[in-house]
Number of protein chains: 2
Amino acid sequence: MVELNSRRRAIEDVASELFRAHGYAATSVRDIARALDIQGPSLYAHVASKENVLWAIVDRTAGRFEGAADAAIGAASGDVQATLAALVRAHARVITEDVGSAGVFIHEWRALTGERRAAVLERRDAYERRFRELIEAGIATGDFEMTDPAVAAFAILSALNGIPGWFRPGGRLTTDRVADHFAELALRMLQGDTR
Amino acid sequence: MVELNSRRRAIEDVASELFRAHGYAATSVRDIARALDIQGPSLYAHVASKENVLWAIVDRTAGRFEGAADAAIGAASGDVQATLAALVRAHARVITEDVGSAGVFIHEWRALTGERRAAVLERRDAYERRFRELIEAGIATGDFEMTDPAVAAFAILSALNGIPGWFRPGGRLTTDRVADHFAELALRMLQGDTR
DNA sequence: CCTACCGATCGGTAGG
DNA sequence: CCTACCGATCGGTAGG
């Protein structure tokens with residue numbers, strides 16, 4: 001069981017990186033196998049299909065985003081600004097901690113079909129709603145400057161979701177610094193008055 | 001000649017939408033042909049290869065971004081804030097005016113190979129540099145609040161590049177309203193002090 | 001985890 | 001712009 005799970009996890013890790021770099025459709029089962037030094041068909045001893053591998057990555061990563069957001073909201077003290085900052089920091093950290101799977105979740109969920117695709121869309125909408133409703137609440141209390149909450153939420157989330165495109169682990173910026181920067185920028189965006 | 005060009009343009013428009021919706025690798029030459037009500041091989045009377053179609057879309061769209069940025073900087077009066085607002089508005093409008101080709105430019109350039117891929121990367125870097133250097137200049141003059149210019153530039157551009165993911169032409173927001181919102185949010189982000 | 005192999009589909013060509 | 005067709009590669013199976 002440990003054997004099986006660790007092998008599956010290795011497959012998902014390798015696939016995450018390939019899917020992120022080249023896209024799901026442009027990555028063949030044999031590409032994944034080659035990165036693991038096994039033959040293409042041998043992969044099917046561990047997984048039932050290529051789409052199942054994508055699903056495993058997307059589902060697990062969706063759970064990481066949701067769990068991090070839950071923890072951030074739970075730990076916050078009811079202060080709208082602090083809650084938003086915690087939410088942004090949590091999202092940034094989920095990405096920087098594993099750029100591969102985060103990139104796949106953000107861009108490759110479209111390759112899923114049927115119920116799985118619909119389920120991801122629903123979870124993504126619910127996740128985005130948390131940001132939007134928090135922004136709406138902040139505007140209502142006067143903590144945030146007036147703005148279109150939907151546009152602001154999309155702007156913040158898109159800015160965060162662009163991180164895999166430029167962040168390099170071990171590079172100039174640490175995981176924490178990136179999270180700090182984005183929390184700061186998001187708060188400025190919602191509070192600043194243009195002089 | 002007019003015939004040829006208009007036919008090529010129709011191919012690019014149809015391909016833009018398919019590449020944006022499903023990705024370049026997941027879109028077959030026959031998919032493009034079907035959307036034009038012709039047979040797959042007939043497409044090769046107008047284009048030399050599938051990658052050439054992608055290249056035509058990416059190259060033209062890159063030019064539209066660059067041209068819009070040139071015009072925005074040229075029209076601005078030297079005021080750093082106004083210049084950044086104009087740059088952001090221009091970028092937003094290029095996207096909302098043609099979500100298909102913009103989405104392809106933003107996400108599918110990775111499918112290009114060799115020199116074309118390298119050329120796009122170089123142009124993209126030069127384009128990003130304009131944002132970064134303008135932010136650096138604004139910080140130096142005190143017009144913008146202190147921040148990491150690279151992170152701020154990536155945040156603004158990623159926020160803008162997320163527009164194809166949610167903007168629906170003919171929907172609640174017009175092209176101009178979206179441009180206004182993003183210019184406002186970008187300025188707030190760079191000017192606001194967190195209280 | 002391997003070799004041998006399957007049907008389907010891919011981008012593209014020949015010849016009209 | 002069409003039909004007929006090509007070699008290559010795809011995801012996946014059989015049988016060990």
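How much area is buried between chain A and chain B, and what percentage of it do carbon and sulfur atoms give? The legends below start from that point and refer to a predicted model.

**View 1. The interface between chain A and chain B.** The area buried between the two chains is about 3,100 Å². Carbon and sulfur atoms give 55% of that area. In this interface, 34 residues of chain A are in contact with 34 residues of chain B.

**View 2. Salt bridges and polar contacts between the chains.** Two salt bridges are counted between chain A and chain B. One salt bridge joins the side chains of A:R172 and B:D148, with an N to O distance of 2.1 Å. Six residue pairs are in polar contact across the interface, with both residues of each pair at pLDDT 80 or more.

**View 3. Helices on the side of chain A that touches chain B.** Three elements of chain A, α1 (2-22), α7 (149-161) and α8 (175-191), each supply at least two residues of this side. The largest share comes from α8(A), with nine residues. Sorted by class, the side of chain A that touches chain B has 17 nonpolar, eight polar and nine charged residues.

**View 4. Symmetry of the two chains.** A turn of 180 degrees, with a shift of 0.0 Å along the axis, lays chain A on chain B with an RMSD of 0.0 Å. That is the relation of a two-fold axis. Of the interface residues of chain A, 100% are also interface residues in chain B, so the copies meet through the same surface.

**View 5. Protein surface near DNA strand C.** There are 15 residues around DNA strand C. Those that come nearest are A:Q39 and A:S42 from chain A, with B:R30, B:Y44 and B:K50 from chain B. By class, the surface near the strand has six nonpolar, six polar and three charged residues. Among the atoms of DNA strand C within 4 Å of the protein, 52% belong to sugar or phosphate, and the rest belong to bases.

**View 6. Contacts to phosphate oxygens of DNA strand C.** In chain A, an N or O atom in the side chain of A:R7 is 2.8 Å from a phosphate oxygen of the strand. In chain B, a polar backbone atom of B:V29 is 2.9 Å from a phosphate oxygen of DNA strand C. For B:K50, one of the residues that come nearest to the strand, a polar backbone atom is 2.8 Å from a phosphate oxygen.

Terms used:
Residues numbered from 1 in each chain as written. Chains lettered and ligands numbered in written order. Predicted model: local features only at pLDDT ≥ 70, side-chain atom pairs only at ≥ 80, totals over all residues. Heavy atoms only, no water. Contact = heavy atoms within 4.5 Å. Buried area = accessible area lost by both parts, 1.4 Å probe. Salt bridge = Lys/Arg side-chain N within 4 Å of Asp/Glu carboxyl O. Polar contact = N/O pair within 3.5 Å; in protein donor to acceptor, adjacent residues only side chain to side chain. Helix = DSSP H or I, 4+ residues; strand = E, 2+ residues; numbered from the N terminus. Nonpolar A, V, L, I, M, F, W, Y, C, P; charged D, E, K, R; others polar. Near = heavy atom within 4 Å. Least-squares fit on C-alpha atoms with pLDDT ≥ 70 in both.
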